[in-house]
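I opened a fresh page for a structure I had not looked at before. My plan was to pick a few spots, look them up one by one and jot down what turned up.

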Amino acid sequence: MGVTSWTEPKAAAAARSASAPADVEFRSVTKRFGPVVAVDDISFEIPRGSFHSFLGPSGCGKTTSLRLIAGFEQPDAGEVAIGGRSMVGVPAYRRPVNMVFQHYALFPHMNVADNVGYGLRQARPKLDRAEIDKRVAETLELVRLPKMGARRTWELSGGQQQRVALARALVNRPTVLLLDEPLAALDRKLRRDMQIELQNLQRDVGITFILVTHDQEEALSMSDTIAIMRDGRIVQFGTPQLLYDAPVNRYVADFVGESNFLAGKVTATHTNGASITLSNGLALKARWSAAGEHLSVGEDGVIAVRPEVIGLWPVGRASADLDLRRQGQVRNRIYLGDHTEFSVHVPELGELMVRLPKSDPLAMSLQPGDMAEIGWRADQALALRAT
Amino acid sequence: MLRAYSALVYLFLYGPIALIVLFSFNSGLSAADFQGFSLRWYARVAGNSLMLDALRTSLTVAFSSAALATIMGTMAALALQRVKGPVRVIFDGLTYIAIMVPGIVIGIATLIALVTTFDAANAVLAEIWPTDTPPQLHMGYGSIIAAHTLFSMALVVVIVRARIAGMDRSLIEASMDLYADPWATFRQVTLPQLAPAILAGFLLCFTFSFDDFVIAFFVAGPLNTLPIYVFSSIRRGVTPEINAIGTAIMMFSLVMLFGAQLLLRRKSVQGKT
């Protein structure tokens, strides 16, 4: 795999954002809560019509970012723009955005139709009762809840409440739809269905969706762009593919997908990568991440190897073109349907996670306790900043 | 042992009340000897114009003070949610004190305060009034409604505030997000959410004011509320007529309290959705 192929996603993202105007823009936005800086001087643009996610652990500032867009919080510094218009001093009820709340926040004293029509009823001059009814019915159809208008909200299942919340936001045809961990309360199967449905819906209605989540799988599967956040800052902004293939540092590599990390000090660098020497003296080569910083000699670094790029063979059978070959003992085996995960203990490297596809005959035959050989090519491992 | 003890407690507590209810249906005049079932005392009460006047006064006072206390108490509870720190602590303290201070203290204190103020104000009015017949401030509806409002407002504050605390804040945000300005949000979301608590507060205030004797006794001036009327009639001896009035008041209060309780309970079930 050549280095050029790694830069492609970035170019694609750049091309997209150049062709579409920004729908949401942060210009050096800072938000503090007392001594805590929730959002720390961040700037970014989300192109019109895209599905964007803020991804990070709790307390990273992702929800605050969403609330800054919604207008529930005002920035202490900087400016938020929606659809090219500055939102400074614009209260939540005058912003062309709608939100799906984490626990839906449906009005318990109203039935489904009244919940969905709430936004339309606030319009001045008043909309026709018939017009409101029509749009409510259409939107309920869109979220696949036809003829449910007369139901009370608490009679509905979690997934149905979720759809009502979605309809209540979409019926207003906002510029931007905000989703605050909307799937967190649903069970796994339903969540999967809703993810697909949300994606389809976004394509159909064509408005910008902004999702806040701590679930990397969710963000990866649905988004056009993702902002990985930590301590109020955006660590990396890019397409899911870019984040997965070219993380800027260990934090991103750890958050997006899974990786084996081998920490050490940079002992040599060259144009394409670096050598990192582990504490036991073993020097490993790896290439730079396409989006990452180049480290200098003497700095702390990590080698990141995805579990699927590590090869696993019976002892003595590993292919010859590897940059690293080691023997290890299989400690654990987890069958995951389409693939199998092995935890392999290698004396100099520690515990490594290796993933074999179902098609690999070894996936079924290798048992805990067996000896095996692992290895990878240096151009499949990344040399990353250790933070 | 414990069971017998509690049985005795309940007997002492409710025995006399049960007797009053029983003897209100007595066909005879005696308060000790049940001679047969009859509704004659209820009929007699219904025709007693003094009693009916007192009842009218009580209902007017109860309705006015409950309405005022509900409106002001709700406003106070809404305002207090934004108040933090020592000011909040002081307000909370004063609210609870208003509930705990004995009625007799409120009665005397209000009486002294009003009499002092009225005397001073009447003197001033007499000075500045252009004609020879200046208006006189005196005890009456105003004073008794004010005293009852003062006390019951604290009840409303406590009840409504509990409901506000239990309310999902994201409902307000959802409403704002759906283009409703703060006033529209209050009207369409906050108020309907608080309605059961507000109504329950109203019923409690009404019951409290309707039943109150102690405070009314001090500040009612020339007015007779129903409890004051009962008290003054009792000095002429307990008649089955008094029993009938007592039973009626008790039934009325129980219904109100039960209604308030029902409202407060329903809100908590709905709040969970």
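**Two helix packings in chain B**

I started with helix 4 (residues 86-100) of chain B and helix 6 of chain B, which pack with their axes 8 Å apart at an angle of about 125 degrees. A note to self before going on: this is a predicted model.

Parallel, perpendicular or oblique? I get oblique for helix 4 of chain B against helix 6 of chain B, because their angle of about 125 degrees falls outside the ranges for roughly parallel, roughly perpendicular and roughly antiparallel. The crossing of this pair, helix 4 of chain B past helix 6 of chain B, is left-handed.

Next I looked up who touches whom. From helix 4 of chain B, I wrote down B:Thr95, B:Ala98 and B:Ile99. Facing them in helix 6 of chain B, I found B:Leu150, B:Phe151, B:Ala154, B:Leu155, B:Val157 and B:Val158. Sorting the residues of this contact between helix 4 of chain B and helix 6 of chain B by class, I have eight nonpolar, one polar and no charged.

I stayed with helix 6 (residues 141-166) of chain B and turned to another partner, helix 8 (residues 182-211) of chain B; their axes come within 9 Å and cross at roughly 155 degrees. That angle makes helix 6 of chain B roughly antiparallel to helix 8 of chain B. I noted this crossing of helix 6 of chain B and helix 8 of chain B as right-handed.

The contact list for this pair took up some space. On the helix 6 side of chain B, I have B:His148, B:Ser152, B:Leu155, B:Val156, B:Ile159, B:Val160, B:Arg163 and B:Ile164. On the helix 8 side of chain B, the residues include B:Leu194, B:Ala197, B:Gly201, B:Cys205 and B:Phe208. By class, the contact of helix 6 of chain B with helix 8 of chain B comes to 12 nonpolar, four polar and one charged residues. I underlined B:Leu155, since B:Leu155 is in the contact with helix 4 of chain B and also in the contact with helix 8 of chain B.

**Chain B as a whole**

I stepped back to see what these helices belong to. Chain B has 11 helices and zero strands. Its C-alpha trace spans about 70 × 65 × 35 Å along the principal axes. Of the 273 residues in chain B, 34% are buried. I also looked up how far apart in sequence the contacts reach: among those in chain B between residues at least 6 apart, 77% join residues at least 24 apart.

**Where chain B touches chain A**

How many residues does each chain give to the contact? I got 17 residues from chain B and 17 residues from chain A. On the side of chain B that touches chain A, helix 7 (169-177) and helix 8 of chain B are the elements that give two or more residues. Helix 7 of chain B gives the most there, with six residues. By class, I have nine nonpolar, four polar and four charged residues for this side of chain B.

**Over to chain A**

Chain A has 11 helices and 20 strands. The C-alpha trace of chain A spans about 75 × 45 × 40 Å along its principal axes. I noted that 43% of the 387 residues in chain A are buried.

I picked one strand pair to follow. Strand 1 (residues 22-33) of chain A and strand 2 (residues 36-47) of chain A run antiparallel and are joined by eight bridges. A:Glu25 stands opposite A:Glu45 in strand 2 of chain A. The hairpin of these two strands of chain A has two residues between the strands, and A:Gly34 takes a positive phi near 60 degrees in it.

**Backbone oddities**

A reminder for this part: most residues other than glycine have a negative phi, and most peptide bonds are trans.

In strand 1 of chain A, I found A:Ser28, which is not a glycine and yet has a positive phi of about 50 degrees. Buried or exposed? A:Ser28 counts as exposed, with 11 C-beta neighbours inside 10 Å.

A:Lys147 also went on the list, with a positive phi near 60 degrees. I located A:Lys147 in the loop between helix 5 and helix 6 (158-170) of chain A. A:Lys147 counts as exposed, with 10 C-beta neighbours inside 10 Å.

Last, I looked at a peptide bond: the one joining A:Arg124 and A:Pro125 is cis, with omega about 0 degrees. A:Pro125 sits in the loop between helix 4 (118-121) and helix 5 (129-142) of chain A.

Key: Residues numbered from 1 in each chain as written. Chains lettered and ligands numbered in written order. Predicted model: local features only at pLDDT ≥ 70, side-chain atom pairs only at ≥ 80, totals over all residues. Helix = DSSP H or I, 4+ residues; strand = E, 2+ residues; numbered from the N terminus. Buried ≥ 20, exposed ≤ 12 C-beta atoms within 10 Å, placed from the backbone. Contact = placed C-beta atoms within 7 Å. Axes fitted to C-alpha atoms, helices over the stretch in contact; angles between N-to-C directions. Parallel < 35°, antiparallel > 145°, perpendicular 65-115°, else oblique. Left-handed = near helix turned anticlockwise from the far one by under 90°. Nonpolar A, V, L, I, M, F, W, Y, C, P; charged D, E, K, R; others polar. Pairing = 2+ DSSP bridges.
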